[in-house]
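Work through the exercises below with the sequence and the model open. Try each task before reading its solution.

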Amino acid sequence: MAGLNKEHCVPCRVGAPLLPDADIARLNQEIPDWRVIEAEGIKRLDRVFKFSDFAQALAFVNKVAQAAEEEGHHPALLLEWGQVTVTWWTHKIRGLHQNDFVMAAKTDGLYRG
């Protein structure tokens, strides 16, 4: 598998293959602030973003939501005072797909502004 194309997601269908662990480890090196976690038996990408107040955190959530709508790929978002937890995984395949890494990289870009 080549490096991460951070431009756009590719269509993903039910039954698409999960990323092998070796690809997950390699792609995770390109987004080092993200953790690979497992919840309910499903591998996911997870990161906590810090903000100085609730309004900034909310504005970030709105940016992530807009990017998710544009790509048709949606995360779990937990908004709290001063922080947002973003978790990406592909619901259709119950695990990680290259789109999750693309969207994690895009989320990092939105945070850096």
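**Exercise 1. Characterise the salt bridge between arginine 44 and glutamate 40.**

Step 1. The side chains of arginine 44 and glutamate 40 meet at 3.8 Å, N to O. That qualifies as a salt bridge, defined as a side-chain nitrogen of Lys or Arg within 4 Å of a carboxyl oxygen of Asp or Glu.

Step 2. Note the source. The model is predicted: local features need pLDDT of at least 70, side-chain atom pairs count only at pLDDT 80 or more, and totals for chains, interfaces and linings use all residues. Residues are numbered from 1 along each chain as its sequence is written, and side-chain values use heavy atoms, with hydrogens and water left out.

Step 3. Compare exposure. Buried means under 20% relative accessible area, exposed over 50%, partly exposed in between (1.4 Å probe, protein chains only). Arginine 44 counts as buried because its relative accessibility is 8%. Glutamate 40 is exposed, at 72%.

Step 4. Place both residues. Arginine 44 sits in strand S2, residues 42-50. Strands (E, at least two residues) and helices (H or I, at least four) are DSSP runs, numbered from the N terminus. Glutamate 40 belongs to the hairpin of S1 and S2, which has two residues between the strands, and takes a positive phi near 55°.

**Exercise 2. Describe the surroundings of arginine 44 and the pairing of its strand.**

Step 1. List the contacts (heavy atoms within 4.5 Å). Beyond four places in sequence, the partners of arginine 44 include Arg35, Val36, Thr87, Trp88 and Leu96.

Step 2. Check the backbone. The oxygen of isoleucine 42 is 3.4 Å from a polar side-chain atom of arginine 44.

Step 3. Examine the pairing, which requires at least two DSSP bridges between two strands. S1 (residues 35-39) runs antiparallel to S2, with five bridges. Valine 36 has leucine 45 as its bridge partner in S2.

**Exercise 3. Find salt bridges that join separate parts of the chain.**

Step 1. Take the total. The whole structure holds seven salt bridges.

Step 2. Start with aspartate 21 and lysine 43, whose side chains meet at 2.3 Å, N to O. Aspartate 21 is in helix H1 and lysine 43 in strand S2, so this pair ties together parts 22 residues apart in sequence. Lysine 43 is partly exposed, at 28%.

Step 3. Move to aspartate 33 and arginine 47, with closest N and O atoms 3.8 Å apart. Aspartate 33 lies in the loop between H1 and S1, arginine 47 in S2, 14 residues apart. Aspartate 33 is partly exposed at 49%, while arginine 47 is buried at 13%.

Step 4. Extend the set. Asp33, Arg47 and Asp108 form a network of salt bridges.

**Exercise 4. Test the length of helix H3 and say what covers its buried residues.**

Step 1. Compute the expected span as 1.5 Å times one less than the number of residues. For the 15 residues of H3 (98-112) this gives 21 Å; the end C-alpha atoms are 22 Å apart, which agrees.

Step 2. Identify the buried residues. Among them are Phe101, Val102, Met103 and Asp108.

Step 3. Name the cover. It includes helix H1 (21-28), S2, helix H2 (54-71) and strand S4 (83-88).

Step 4. Look past the helix end. Glycine 113 follows H3 with a positive phi near 75°.

**Exercise 5. Analyse the hairpin of S3 and S4.**

Step 1. S3 (residues 76-80) and S4 pair antiparallel over five bridges. Leucine 77 has valine 86 as its bridge partner in S4.

Step 2. Two residues separate the strands, and glycine 82 in the turn has a positive phi of about 80°.

Methods: Polar contact = N/O pair within 3.5 Å; in protein donor to acceptor, adjacent residues only side chain to side chain.
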